[in-house]
Amino acid sequence: MKKIAVFFGTGFEEIEALTVVDICRRCGLDVDMVSITEEPAVTGSHGIRVEMDKMFAEADFSAYDMLVLPGGMPGTKHLEAHGGLMEQIDAFYAAGKYIAAICAAPSIFGHRGILKGRKACSYPGFESHLEGARVTAGPVEISDHVITSRGMGTAIDFALAIAGIFCGPEKAEEMAQSIVYGKEE
C-alpha cells in the first residue's frame, strides 16, 4: 500500500489538508497527518483543531511515497520555516519521489528551485514565488513527480490527482462519481 504524509503547521487551510486525507483514505491509501508543531492537535487558519496521527519526530520518511504541503496562512510560513521538513522535501525531490503542494504552499517549492522549467500553479497573488515555473491557472499541475494546485476550490481536484497517481485514473474517476463530484451529463 502506498503511504502519504500530510504536514500540519498552525494556521493550515483546513479544507485543503483534510480533503487530501479524506479522499486518499477512501481510495485505500495509507495517509499520516503529521504535526510539525510537536503537539498532538494542530489548529487551522479558521480555528478548527485536528488531532494528528504522528509528530514530525516520529515520522518514518523511508516509508512515504509522497509528502503533501497544504496551504493557508500562516500555515505555509510555518511549514517553510521547519528545517527538518525542508530537508525531507529536498531529499524527496532529489530522489524523484512525489511532492505536492496547494494554495500558497507551492511558493515553498519555488523558493527551493524545485519548479524551474516545470508547469505549476498556486493561489492567485503567489505566482511571483513560483520561481522559474511556467505558471498556469489550471486547477492542478502534475510535472513529473511535483504536483501543485491553486486553493480551497481546487482541493478535490488536487486530492483526486494524488489518488489517481497511486490508484490509477479509473479509481480516481470512480471516487469522483461516488462523492458526486463533476459535471452532470
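In this predicted model, His145 touches a run of residues well away from its own stretch of chain: leaving out anything up to four places away in sequence, the list is Phe92, Tyr93, Gly96, Lys97, Tyr98, Ile99 and Arg118. The histidine itself belongs to a loop, the one linking β10 (140-143) to β11 (146-149). Loop or not, His145 comes out with a relative accessibility of 12%. The cut-off for buried is under 20%, so His145 counts as buried.

Met55 can be looked at in the same way. This residue sits in strand β5, which covers residues 54-55. Its relative accessibility is 15%, so Met55 goes down as buried too. Setting aside neighbours within four places in sequence, Met55 is in contact with Val34, Ser35, Glu38, Glu39 and Pro40. One of these partners, Glu39, is 16 residues from Met55 along the chain, and the two C-alpha atoms are 7.1 Å apart.

Moving on to helix packing, α1 (residues 14-26) and α5 (residues 155-167) pack against each other at an angle of about 40°, and their axes are 9 Å apart. The crossing is a right-handed one. On the α1 side, the contact is made by Ile15, Glu16, Thr19, Val20, Ile23 and Cys24. Helix α5 brings Ala155, Ile156, Phe158, Ala159, Leu160, Ile162 and Ala163 to the contact. Sorted by class, that gives eleven nonpolar residues, one polar and one charged. The charged one is Glu16 and the polar one is Thr19, both from α1.

As for the overall fold, the protein has six helices and eleven strands. Its radius of gyration is 15 Å, close to the 16 Å given by the globule rule for 185 residues, so the protein is as compact as a globular protein of that length. Taken along the principal axes, the box filled by the C-alpha atoms is roughly 45 × 35 × 35 Å.

Burial and contacts round out the picture. Of the 185 residues, 52% are buried, His145 and Met55 among them. Among contacts with a separation of 6 or more, 63% join residues 24 or more positions apart. At the surface, the protein exposes about 8200 Å², and carbon and sulfur atoms supply 51% of that area.

Definitions and conventions: Residues numbered from 1 in each chain as written. Predicted model: local features only at pLDDT ≥ 70, side-chain atom pairs only at ≥ 80, totals over all residues. Heavy atoms only, no water. Axes fitted to C-alpha atoms, helices over the stretch in contact; angles between N-to-C directions. Helix = DSSP H or I, 4+ residues; strand = E, 2+ residues; numbered from the N terminus. Left-handed = near helix turned anticlockwise from the far one by under 90°. Contact = heavy atoms within 4.5 Å. Rg over C-alpha atoms; globule rule 2.2 N^0.38 Å. Buried < 20%, exposed > 50% of the residue type's maximum accessible area, 1.4 Å probe, protein only. Areas by Shrake-Rupley, 256 points an atom, 1.4 Å probe, with all protein chains shown as cover.
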